[in-house]
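Reader: I am new to this structure. Can you show me how to read it, feature by feature?
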Amino acid sequence: MNVPPCPRRTRLPRWLVAAVAWVGAAALAAAATVWLPLAKDGVHDPRGPGIALLQQPAEALATLPPDTAGNMVKWVQALDSGVINPRSSILPGTEVRVLDQDIIIARNGSMPAVKFPHRQHTLWLDCSNCHEHLFKAKAGANKYSMTAILNGEQCGLCHGAVSFPLTECNRCHSVPRSQLPPLATASSPANPRASAKVTPP
Amino acid sequence: MKRALFAAALLLLPALLQAEYGDVVLNRHSDKQGVRPVVFPHWFHRIRFRCKVCHSELGFKMRAGSNEVLMSDIIDGKFCGMCHNGQIAWGPERCDLCHSGLKGLPSGITGGAQTSGPGRW
């Protein structure tokens, strides 16, 4: 009589165990690393005498519109909704300039075209922060490169460092090519009538 | 199994110790002068001031490492000293509130941008 062999306990491959453990731990870490306390963020000295006096990120940021990247805050939405109202100038006589004009940049192969909104940028920044040293103030006059951007040039001077990171492709590449007007192959102002409108906020 | 968990913990260590996005460490002079490096939190400042205040009016260039920020200038009311003067914000005598970083930190932008860029920071 043949006795069937005792079924051997199935052993999960070691790499699978490691992968599952890593993914699980990564998910836990992602949940836990939203706004670490300053004393545990790896840059502040937990023994420093100032640490107890500084504002904690969670205290300030948890009340702002939530996001999935960067500071986990939709900063422009925070401005637009009025939940924050940071000062635009501190020196008397500074001209505060806001430009409401979108630029469509469509010379980028098969990716959706880029819509660059001047309004959202000039709510935070002055014209001189980008013009003329980063970008010429003429639609179509600039050459863009994702390689340069990923290396911290052009848009990457801020995006990937303080403003939303470069993982968020479709926030810039937001215009499907099917929606582009004909001949919109170069960068062009999307609303040219607004092109000269510089207004105080 | 234990080894796998240990490996996972090792891999995640940098993620668990992460400054807030946009934090800048200034340590060109601090370590040499025997004080803690400065940790500049962008998130804290942009709730109160738009980028243009510091990066246009105050003259901070937008590339981390391209500004030579000296205490003597701050005390004279330049750079941070434009606000950190005891009127708009705490004054330069409150050393430990800005010089709050761990000794030996490299200067530059920190906070775990999710790309390899910006490479020159």
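Reader: How many helices and strands are there in chain B?

Author: Chain B has six helices and three strands. This is a predicted model. Along the sequence, the elements of chain B follow the pattern α-β-α-β-α-α-α-α-β.

Reader: In which order do the three strands lie in the sheet?

Author: Order in a sheet has to be read separately from order in sequence. Here the three strands of chain B form an open sheet in the order β2-β1-β3, with antiparallel pairing. β2 and β3 (108-109) of chain B stand at the edges with a single partner strand each, so one side of each has no neighbour in the sheet.

Reader: How many bridges join β1(B) to β3(B)?

Author: Two bridges join these antiparallel strands, β1(B) and β3(B). Take V25(B) as a case: its bridge partner in β3(B) is G108(B).

Reader: What else is V25(B) in contact with?

Author: Leave aside neighbours within four places in sequence. V25(B) then has contacts in chain B that include P37(B), V39(B), L105(B) and T110(B). V25(B) is also in contact with V43(A), a residue of chain A.

Reader: Now the interior. Which residues have the most contacts inside the largest nonpolar core?

Author: The general idea comes first. In soluble globular proteins, nonpolar side chains tend to be buried together. In this model, the largest nonpolar core has 15 residues, and V43(A), V24(B) and V25(B) have the most contacts inside it. β1 (24-26) and β2 (38-40) of chain B each supply at least two residues of this core. β1(B) gives the most, with three residues.

Reader: Which residues does the second core include?

Author: That core is separate and has nine residues. Among them are V98(A), L123(A), C130(A) and V53(B).

Reader: What share of chain B counts as buried?

Author: Of its 121 residues, 34% count as buried. Contacts tell another part of the story. Among contacts in chain B between residues at least 6 apart in sequence, 51% join residues at least 24 apart.

Reader: Where in chain B is confidence lowest, and where is it highest?

Author: Start with the rule. Where pLDDT is low, the predicted coordinates should not be read in detail. In chain B, confidence is lowest in helix α1 (residues 2-16), at a mean of 55. It is highest in helix α3 (residues 42-48) of chain B, at 97. Chain B averages a pLDDT of 86, and 79% of the residues score at least 70.

Reader: What ipTM does the predictor give the complex?

Author: The ipTM is 0.84, and the pTM is 0.80.

Definitions and conventions. Residues numbered from 1 in each chain as written. Chains lettered and ligands numbered in written order. Predicted model: local features only at pLDDT ≥ 70, side-chain atom pairs only at ≥ 80, totals over all residues. Core = buried A, V, L, I, M, F, W, Y, C linked by C-beta atoms within 7 Å. Buried ≥ 20, exposed ≤ 12 C-beta atoms within 10 Å, placed from the backbone. Helix = DSSP H or I, 4+ residues; strand = E, 2+ residues; numbered from the N terminus. Contact = placed C-beta atoms within 7 Å. Pairing = 2+ DSSP bridges. pLDDT = per-residue confidence, 0-100.
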